[in-house]
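Thank you all for coming. Before I begin, please bring up the sequence and the model together, since I will be moving between the two.

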Amino acid sequence: MAATAVVLGVTGILGGTASAAYADPGPTASEKRLEEVRAEIDGLYRKAEQATEAYNAAKEQVALQQKEIVKLAQGIDRTQHRMDELKRQAGALASAQYRGGGIPPEARLMLNNDPERFLDNATLVRKGQQSAKSVIGELARTKSVLEGYSQDATDRWERLEENRKKKEAAQLDIRKKIEAAQLLESKLESEEKERLKQLEDARALQEQQKWLDSGILKDLAAHASADGKKAIAYATSQIGKDYVWGAEGPDTFDCSGLTMRAWQAGGHPIPRTSQEQWRQLPRVDVKDMRPGDLIIYYGDASHVGMYIGNGAIVHAPRPGRQITITGAGSMPILGVVRPDK
């Protein structure tokens, strides 16, 4: 955390308690053009991140459905074996009746003049009838179960194919958006690329300053839990590693891959995607958040970072950038969730 504080102090990314006053001569024509490029690149990467979360969700569903289909196949195999055994038993009962000349057991029973044999036969007939009914009844139930398994497997295969198509479409969309953004950036001179990075930082700082000016930090005094400290330690130890869409470590991460692994290290498994983290994890008010909590960003919950205290988050920003620390208010906050609540 001491190292974190140094990083924050050096970069100045968190802003101050009040905005500095200075004379602004206004942007030049080249700065306006660069700002337009920045906005376009930012928009493309935002759309790529949205598609990345859609890809992660579809990928997760595909893996889950594949496991379910394997279980169904095993159930079908067991049920089919039981069906074969019941058919064999039913066949044995039919053969026994055939060997009796086709005369119903009840009729043969009535033809027996020995009272003791009569009672013995009556018991055997009753047991035989019960056994036959049991076999027939179980055969019908097993057939119904088998048909249910088959229909369920068909439905799951259809959903699996649907999610595979979603995954492929999202993957294609991600690549197109990233390639378009990289193409725009590649046309810039080296000085313009550096200026572009400065514009991104300045915009983040501006948004952070607005957040700080709201007085939010005055109410934030909570400390991280023991598990939260472990999660923060993991997340901050990844600083400097590249963002790669769909990655969940250990060498590269996307935004939700980082938070998932961090809280896994903290002893609390959480969902893979930022949308599911927002949907499934307990929510807390922004004014009550503590270090280790996850801040979900944008209206579609397509980005997530981990709050580490002092108005800062650690997060994986976007393709072409590395895991870093930035202001918690540098992006539109949707809400806060607490994995260990």
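**Leucine 199 and the rest of the fold**

Let me start with a single side chain: leucine 199, once residues up to four places away in sequence are set aside, touches Leu34, Glu35 and Arg38. Please keep in mind throughout that this is a predicted model. Leucine 199 lies in helix 5, and, since buried here means under 20% relative accessible area, leucine 199 counts as buried because its relative accessible area is 14%. The contact with Leu34 spans a long stretch of chain, for leucine 199 and leucine 34 are separated by 165 residues in sequence, while their C-alpha atoms are 8.7 Å apart in space.

With that pair in mind, let me step back to the whole chain. It has eight helices and six strands, and in sequence order the pattern reads α-α-α-α-α-α-α-α-β-β-β-β-β-β. Of the 341 residues in the chain, 38% are buried. If we take the contacts in the chain with a separation of 6 or more, 71% of them are between residues 24 or more positions apart.

A second residue from the helical part is lysine 177, which is found in helix 4, residues 115-186. Is lysine 177 buried or exposed? Lysine 177 is buried, because its relative accessible area is 18%, which is under the 20% cut-off. Leaving aside neighbours within four places in sequence, lysine 177 is in contact with Leu44, Lys47 and Ala48.

Let me go on to helix 7, residues 255-265, where eight of the eleven residues are buried, so that helix 7 is largely enclosed by the rest of the structure. The buried residues of helix 7 are Cys255, Ser256, Gly257, Leu258, Thr259, Met260, Ala262 and Trp263. Just after helix 7, glycine 267 takes a positive phi of about 90 degrees. On the other side, in the loop between helix 6 and helix 7, we find proline 250, and the peptide bond leading from glycine 249 to proline 250 is cis, with omega near 0 degrees.

Now to the strands, which form an open sheet of six in the order 1-6-2-3-4-5, with antiparallel pairing. The edges of this sheet are strand 1, residues 283-284, and strand 5, residues 324-327, each of which pairs on one side only. At one edge, strand 1 is joined by two bridges to strand 6, residues 333-337, and the two run antiparallel; here valine 284 stands opposite valine 336 of strand 6. Strand 6 also pairs with strand 2, again in the antiparallel sense, over four bridges, and valine 336 is the bridge partner of isoleucine 295. At the other edge, strand 4, residues 312-315, pairs with strand 5 over four bridges, in the antiparallel sense, with valine 314 opposite isoleucine 325. Helix 6, residues 226-236, lies across strand 3 and strand 4, and runs at about 115 degrees to strand 3.

Two loops of the sheet deserve a careful look at the backbone. As background, most residues other than glycine have a negative phi, and most peptide bonds are trans. Tyrosine 298, in the loop between strand 2 and strand 3, has a positive phi of about 70 degrees although it is not a glycine. Asparagine 310, in the loop between strand 3 and strand 4, also has a positive phi, near 55 degrees. As for their surroundings, tyrosine 298 counts as buried because its relative accessibility is 18%, whereas asparagine 310 counts as exposed because its relative accessibility is 61%.

Finally, let me turn to the largest pocket, which holds about 870 Å³ of space. Which residues lie nearest its centre? Of the 30 residues that line the largest pocket, these are Glu200, Ala204, His315, Pro317 and Met331. At least two lining residues each come from helix 1 (2-11), helix 2 (29-99), helix 5 (190-213) and strand 5. By class, the lining has eleven nonpolar, eight polar and eleven charged residues.

That brings me back to where I began, for helix 5, which supplies residues to the lining of this pocket, is also the helix in which leucine 199 lies.

How values were computed: Residues are numbered from 1 along each chain as its sequence is written. This is a predicted model: local features need pLDDT of at least 70, side-chain atom pairs count only at pLDDT 80 or more; totals for chains, interfaces and linings use all residues. Side-chain values use heavy atoms; hydrogens and water are left out. Two strands pair if DSSP finds at least two bridges between them. Contact means heavy atoms within 4.5 Å. Axes are lines fitted to C-alpha atoms, for helices over the stretch in contact, and angles run from 0 to 180 degrees between N-to-C directions. Buried means under 20% relative accessible area, exposed over 50%, partly exposed in between (1.4 Å probe, protein chains only). On a 1 Å grid over the protein atoms alone, a cavity is a set of points where a 1.4 Å probe fits but cannot get out, and a pocket is an open set with protein on both sides within 12 Å along at least five of seven lines; lining residues have an atom within 4 Å of a point. Grid points are joined across faces, edges and corners, and a volume is the space filled by probe spheres set on the points. Ala, Val, Leu, Ile, Met, Phe, Trp, Tyr, Cys and Pro count as nonpolar, Asp, Glu, Lys and Arg as charged, and the others, Gly among them, as polar.
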